[in-house]
Amino acid sequence: MPRLSNSDLRPGTMATARGSNKTEIRIGSIVRRLRIRQQLSVRSLADKCGFSPSFISQIELGQASPSIASTERITSALGVTLGEFFRSAAPATPAVTMSRKRPVLQSQWSRARIEPLGPANEDSRLEAVLITLEPGGASAAHPCARETEQLAVIFRGMVRLQLEDEPHILKEGDSASIPSGTRHFWKNTARRRCQILLVSPR
């Protein structure tokens, strides 16, 4: 899988706890880097993930912020997982990552931030991310299917999970198993932010 460069990372601007050293990932530069590395034109990448070329260009230029679901479609078309967006150019990834130093991927559209909870080494078999949804935030506009199954645990707050045509209200401590190919999306309908732990195979 392609590795990311430290130039794809910059100091985060989001509000974090005191003493936080979290780094915000610039998704546009990563998309462009991986697209060029795979010798794909903007139009070719757009065709692979079902978006318009202008939307891909806006993402690469930092003029558009894709939803969580749209980001996953783009990463899949580029041959990487969402968690692999967090991989840096360092030859080894520490087994322990302090919460204040986790890299962060922001999605303005989804009103969310995504953080990896474990190393994304070549031999890792599991991928875990923590999604924080602000009130009104959603993973997508409509239910979308993923190629891999997911285990979700509500880490904090309350959130609505739409599985196919059936809505479920999940609260802190609740969990859900989402089979591959199942259309779903998350939406925070509460007044407080919520956090979802997602674990999936790589």
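# A guided tour from R113 to the nonpolar core

At 12% relative accessibility, R113 counts as buried, since the limit for that class is under 20%. The model on display is a predicted one. Please select R113 to begin, and then add E115 to the selection. The two side chains form a salt bridge, with N and O 3.2 Å apart. E115 is likewise classed as buried, because its relative accessibility is 1%.

Side chains of opposite charge can pair when their charged atoms come close. In the whole structure there are 6 salt bridges.

**Next stop: R183 and its partners**

Select E164 and R183. Their side chains meet in a salt bridge of 3.0 Å, taken from N to O. E164 sits in the loop between β7 (158-163) and β8 (166-171), while R183 sits in the loop between β9 (175-178) and β10 (184-187), so this pair ties together parts that are 19 residues apart in sequence. E164 is partly exposed, with a relative accessibility of 31%, and R183 is also partly exposed, at 33%.

Keep R183 in view and add D165. R183 forms a salt bridge with D165 as well, and the closest N and O atoms are 3.6 Å apart. Here too the pair links distant parts of the chain, as D165 belongs to the loop between β7 and β8 and lies 18 residues from R183. D165 is exposed, its relative accessible area being 65%. Through shared partners, the salt bridges join E164, D165 and R183 into one network.

**Next stop: the aromatic pair**

Select F51 and F55. A search of the whole structure finds 1 aromatic pair. The ring centres of F51 and F55 are 5.2 Å apart and their planes stand at 70 degrees, so the pair is edge-to-face. F51 is buried, with a relative accessible area of 16%, whereas F55 is partly exposed, with 21%.

**Next stop: R35 in helix α1**

Select residues 27-37, which make up helix α1, and pick out R35 within that helix. Is R35 buried or exposed? R35 counts as buried, at 9% relative accessibility. Beyond its neighbours within four places in sequence, R35 is in contact with L40, S41, V42, L45, E60 and L78.

**Last stop: the largest nonpolar core**

From the contacts of R35, move to L45. L45 is a member of the largest nonpolar core, which holds 36 residues. Add I74, I131, L133, V159, W186 and I196, which together with L45 touch the most other members. Helix α1 gives the most to this core, with 4 residues.

Note on methods:
Residues are numbered from 1 along each chain as its sequence is written. This is a predicted model: local features need pLDDT of at least 70, side-chain atom pairs count only at pLDDT 80 or more; totals for chains, interfaces and linings use all residues. Side-chain values use heavy atoms; hydrogens and water are left out. Helices (H or I, at least four residues) and strands (E, at least two) are DSSP runs, numbered from the N terminus. Buried means under 20% relative accessible area, exposed over 50%, partly exposed in between (1.4 Å probe, protein chains only). Contact means heavy atoms within 4.5 Å. A nonpolar core is a set of buried Ala, Val, Leu, Ile, Met, Phe, Trp, Tyr and Cys residues joined through side-chain atoms within 4.5 Å. Rings of Phe, Tyr and Trp (its six-membered ring) pair if their centres lie within 6.5 Å; planes under 30 degrees apart count as stacked, over 60 as edge-to-face and the rest as tilted. A salt bridge is a side-chain nitrogen of Lys or Arg within 4 Å of a carboxyl oxygen of Asp or Glu.
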